[in-house]
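Trainee: I would like to take a close look at a single part of this protein, the annotated binding site, and then see how the elements around the chain are built. Could you walk me through it slowly, residue by residue where that helps?

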Amino acid sequence: MKVLWLQAAGCGGCTMSLLCAENPNVFQLLEDAGVGFLWHPSFSLETGAEVAALLARIEAGEVALDVLAVEGAVARGPRGTGRFQMLGGTGRSMLDWVERLAPLAGDVVAVGSCAAFGGVTSAGGNPSDAVGLGYEGTLRGGILAPEFRARSGRPVINIAGCPTHPDWVTETLLLLKAGALGAEALDALGRPLFYAQHLVHHGCPKNEFYEYKASAVAFSDQGCMMEHLGCIGTQAVGDCNIRPWNGEGSCTRGGYPCINCTAPEFEEPRHAFTETPKIAGIPVGLPTDMPKAWFMALASLSKAATPERIAKNAVADRVVVPPSIRRPKGGK
C-alpha cells in the first residue's frame, strides 16, 4: 500500500509525533506490514523536480494512489485561490493539488485536528481562510464536499488530535492495508473508533481524586483538575491514558489539563485552557452522558465522604498521607 503524504498549513507536529513510535519504530512497523510512502516531505529523499514529476504521474493515473494523507489545514485564501500556500516547484496551490488528488485516492486520511477540522491553523481571525479536508470546524464540508467519498467508498478518515498519537496513525494505516477499517469503524466525525470509543478520563492517574471530587488548586497539586483547572478529559475522546505516549506520558499524567484536542473547535474554547468556566460555582462542562442533577448530587456525596488521605494529597505536590495498612484478622 502506497501513501502520499502532503504537508499543508500546520506546525508539522503530527509528523514529529509519528517519529516517536517505538518498539517497533514507524519505519520498521510500516515496512513489515507492506506500507510504504510514495513521498513524505520529511522522510523522503526526493525533492524539487522529482516530486513535481511524481505528482504529475499520479494525477495522470500512471501511479496508483492508495492513500492520500494530508497533515495540516488547507489554506483557501486569498479569495478562494489557495495561493497563500503554494506547493513549491509546481506552480500550483496545495488547495488545487488536494482537490485534484483526493478523488484518485483509495482513501483520504486527515492527519491531526488541523487537517480534520481546521484546528489551531484556523484559530483567531483565520486570515488564510484555512479549513479541514471534510470539515470547517463543526460544519461538514471543508476542502472536500460533504458527500465526498474516496475510491473505497469511505469518507475522509479523521485521525484527530493535536498532535496525533503515533499509534493512531500507524494503526489506521495497518487497518486500511488489511481492509479492516469500514465506515462502521468510524464515529460521527469520521474518527477511528479504536481510539474514539474511549474517553481521555479512562485510565487517568487522577481518577481516585475525581471520584471524591478532591480537586487541585495549583498545577503542582496531585488532585483532579476538572473543578478548577480546566480539564475536560471526561468529555474528550481518546485513549491517551490507556496507551500513553512513549509508554508513560499524557497531558494529565504530566499535570496539565486535557483540552479536548481531538474535537472540532477545541482551539477556541472562549476561555483560558487552564480555567474551568462556572455558573454559580458549578462547572459548565459536565462529564459526557451525566445529567447535571445527578452530577451535583454525586459530587456533594463524594466530597462529604472524601477520606483524609485523598483530601490532603489532592492539594499537595507529592504524597503526604500514604495509604493506611490494614492488618489481617487475627494478626498482631
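Mentor: The model in front of us is a predicted one, and the place to begin is the UniProt annotation "binding site", which comes from an unreviewed entry and covers Cys11, Cys14, Cys114 and Cys162. These four cysteines are spread over 152 residues of sequence, yet they cluster in space, with a largest C-alpha distance of 10.1 Å.

Let us take two of these cysteines in turn. Cys14 lies in helix α1, which runs over residues 13–18, and Cys14 counts as buried because its relative accessibility is 9%, the cut-off for buried being under 20%. Leaving out residues up to four places away in sequence, Cys14 touches Glu71, Val111, Gly112, Gly161, Pro163 and Thr164. Cys114, for its part, is found in helix α5, residues 113–117, and with a relative accessibility of 14% Cys114 also falls under that cut-off and counts as buried. Its contacts, once neighbours within four places in sequence are set aside, are Gly72, Ala73, Gly119, Val120, Thr121, Val131 and Gly132.

The record also gives a wider frame for this site: in the unreviewed UniProt entry, the annotation "domain: NADH:ubiquinone oxidoreductase-like 20kDa subunit" covers residues 11–174. Over residues 11–174 the chain is 28% helix and 18% strand, and the C-alpha atoms at the two ends are 25 Å apart.

Helix α6 takes up residues 166–177, and its twelve residues reach 17 Å from the first C-alpha to the last, which is close to the 16 Å expected at 1.5 Å a residue. The buried residues of α6 are Pro166, Trp168, Val169, Thr170, Thr172, Leu173 and Leu176. In reading such a list it helps to recall that an α-helix has 3.6 residues a turn, so residues three or four places apart point the same way. Just after α6, Gly179 takes a positive phi of about 65 degrees.

One of the residues just named, Leu173, can also serve as a reference point for another helix, since the C-alpha atoms of Ala52 and Leu173 are separated by 25 Å, with their positions 121 residues apart along the chain. Ala52 is found in helix α3, and Ala52 is partly exposed because its relative accessible area is 22%, whereas buried would require a value under 20%. Apart from residues up to four places away in sequence, Ala52 touches Gly89 and Thr90.

Helix α3 (residues 49–59) also packs against helix α4 (residues 94–101): their axes come within 10 Å and cross at roughly 35 degrees, and the crossing in which α3 passes α4 is left-handed. The contact is made by Leu55, Ala56, Ile58 and Glu59 on the α3 side and by Trp97, Arg100 and Leu101 on the α4 side, and the residues of this contact divide into five nonpolar, no polar and two charged.

Finally, for a residue outside the helices, consider Ser250, which is found in the loop between α8 (207–211) and β12 (278–279). Although it sits in a loop, Ser250 counts as buried, because its relative accessibility is 12%, and it touches Cys240 and Asn241 when residues up to four places away in sequence are not counted.

Definitions and conventions:
Residues numbered from 1 in each chain as written. Predicted model: local features only at pLDDT ≥ 70, side-chain atom pairs only at ≥ 80, totals over all residues. Heavy atoms only, no water. UniProt positions renumbered as here; feature names shortened; annotations may be inferred. Helix = DSSP H or I, 4+ residues; strand = E, 2+ residues; numbered from the N terminus. Buried < 20%, exposed > 50% of the residue type's maximum accessible area, 1.4 Å probe, protein only. Contact = heavy atoms within 4.5 Å. Expected span 1.5 Å × (residues − 1). Axes fitted to C-alpha atoms, helices over the stretch in contact; angles between N-to-C directions. Left-handed = near helix turned anticlockwise from the far one by under 90°. Nonpolar A, V, L, I, M, F, W, Y, C, P; charged D, E, K, R; others polar.
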